[in-house]
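Work through the following exercises with the sequence and the coordinates open side by side. Each task is followed by a solution that goes step by step.

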Amino acid sequence: MHRTDLVRQMAAYNQWMNDKLLLAAARLDPAALVADRRAFFGSILRTLHHLVIADTIWLQRFARHPAAHAALDPVRAMPAPDFSDLDRFADLPTLAAHRRWLDGLIVAWAASIGEPDLDVVLHYANSRGVEADKNFFGLLAHFFNHQTHHRGQVTTLLSQAGVDVGVTDLLVLLPEQGQGQG
């Protein structure tokens, strides 16, 4: 598997899982979504907000890649989000519409990434202003891993609220391969 295939696969998995979470969360009433569940970000909705904010911050960093991927033009035009704005979206339908737009953008962008793009060292500053130079492919691994980490938290919170998200394994999206010769 080429690294670009892995990036595309992770973007597709990200989109699939986010949609599953949004559909599961929609089964709860608004009060249950904002209830403080003593999680790191408090509520289900605030944890989903964190993912949108973090993804946007990373996409804005990725938009500075020398390849200037056109698929990231919309995030270049957005104001930088603030990690403390965990109540930016008033309700789940508003957040879900933005999340789905963002996931479509991620899938389109992943399709535009070439193998040579992955070897670039990307310069950026973190949220505290600390500058770093990191391998772009490694940063993409972090980007998708961060999403998986917090979606796991949301899955747990939904389960505790009585909502089953269903199967969450990447394995479900992997294509079947032909039998080897034995």
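**Exercise 1. Place Leu173 in the chain and characterise its surroundings.**

Leu173 is found in the segment after H6, where helices (H or I, at least four residues) and strands (E, at least two) are DSSP runs, numbered from the N terminus. This is a predicted model, in which local features need pLDDT of at least 70 and side-chain atom pairs count only at pLDDT 80 or more, while totals for chains, interfaces and linings use all residues. Residues are numbered from 1 along each chain as its sequence is written, and side-chain values use heavy atoms, with hydrogens and water left out.

The next step is accessibility: Leu173 counts as partly exposed because its relative accessibility is 32%, given that buried means under 20% relative accessible area, exposed over 50%, and partly exposed in between (1.4 Å probe, protein chains only). Finally, Val167, Val172 and Leu173 make a nonpolar surface patch of about 230 Å². Patches are made of residues with over 30% relative accessible area and no salt bridge, like charges being joined within 9 Å and nonpolar side chains (Val, Leu, Ile, Met, Phe, Trp, Tyr) within 5 Å; the accessible areas come from the Shrake-Rupley method with a 1.4 Å probe, and for residues only the protein chains shown count as cover.

**Exercise 2. Determine whether Gln147 and Asp103 are buried or exposed, and list their contacts beyond the sequence neighbourhood.**

Begin with Gln147, which lies in helix H6 (residues 136-160). Its relative accessible area is 0%, so Gln147 is buried. When neighbours within four places in sequence are left aside, Gln147 is in contact (heavy atoms within 4.5 Å) with Asn14, Leu51, Asp55 and Ile106.

Turn then to Asp103, found in helix H5 (residues 92-112). Asp103 counts as buried because its relative accessibility is 2%. With the same exclusion of neighbours within four places, Asp103 is in contact with Asn14, Gln15 and Asn18.

**Exercise 3. Trace the salt bridges of Arg3, and then the one that Asp19 forms.**

The structure holds six salt bridges, a salt bridge being a side-chain nitrogen of Lys or Arg within 4 Å of a carboxyl oxygen of Asp or Glu. In the pair of Glu115 and Arg3, the closest N and O atoms are 3.1 Å apart. This pair links distant parts of the chain, with Glu115 in the loop between H5 and strand E1 (121-125) and Arg3 in helix H1 (residues 3-25), 112 residues apart.

Asp119 also forms a salt bridge with Arg3, with 2.9 Å between the closest N and O atoms. Asp119 lies in the loop between H5 and E1 and Arg3 in helix H1, so this pair ties together parts that are 116 residues apart in sequence. In terms of accessibility, Arg3 is partly exposed at 25%, Glu115 is partly exposed at 25%, and Asp119 is partly exposed at 49%.

For Asp19, the partner is Arg100, and the closest N and O atoms are 2.6 Å apart. Because Asp19 lies in helix H1 and Arg100 in helix H5, the pair ties together parts that are 81 residues apart in sequence. Asp19 is partly exposed at 29%, as is Arg100 at 37%. To complete the solution, salt bridges that share partners join Arg3, Glu115 and Asp119 into one network.

**Exercise 4. Describe the largest pocket and the largest cavity by volume and by lining.**

On a 1 Å grid over the protein atoms alone, a cavity is a set of points where a 1.4 Å probe fits but cannot get out, and a pocket is an open set with protein on both sides within 12 Å along at least five of seven lines; lining residues have an atom within 4 Å of a point. Grid points are joined across faces, edges and corners, and a volume is the space filled by probe spheres set on the points.

The largest pocket holds about 270 Å³ of space. Its lining consists of 14 residues, with Trp58, Arg61, Phe83, Ser127 and His142 lying nearest the centre. The elements that give two or more residues to this lining are helix H3 (44-62) and H6, and H3 gives the most, with five residues.

As for cavities, the structure holds one of 30 Å³ or more, and the largest cavity has about 40 Å³ of space. Asn18, Leu21, Leu22, Leu48, Leu51, Leu95 and Arg99 line the largest cavity. H1, H3 and H5 are the elements that give two or more residues to this lining, the largest share, three residues, coming from H1.
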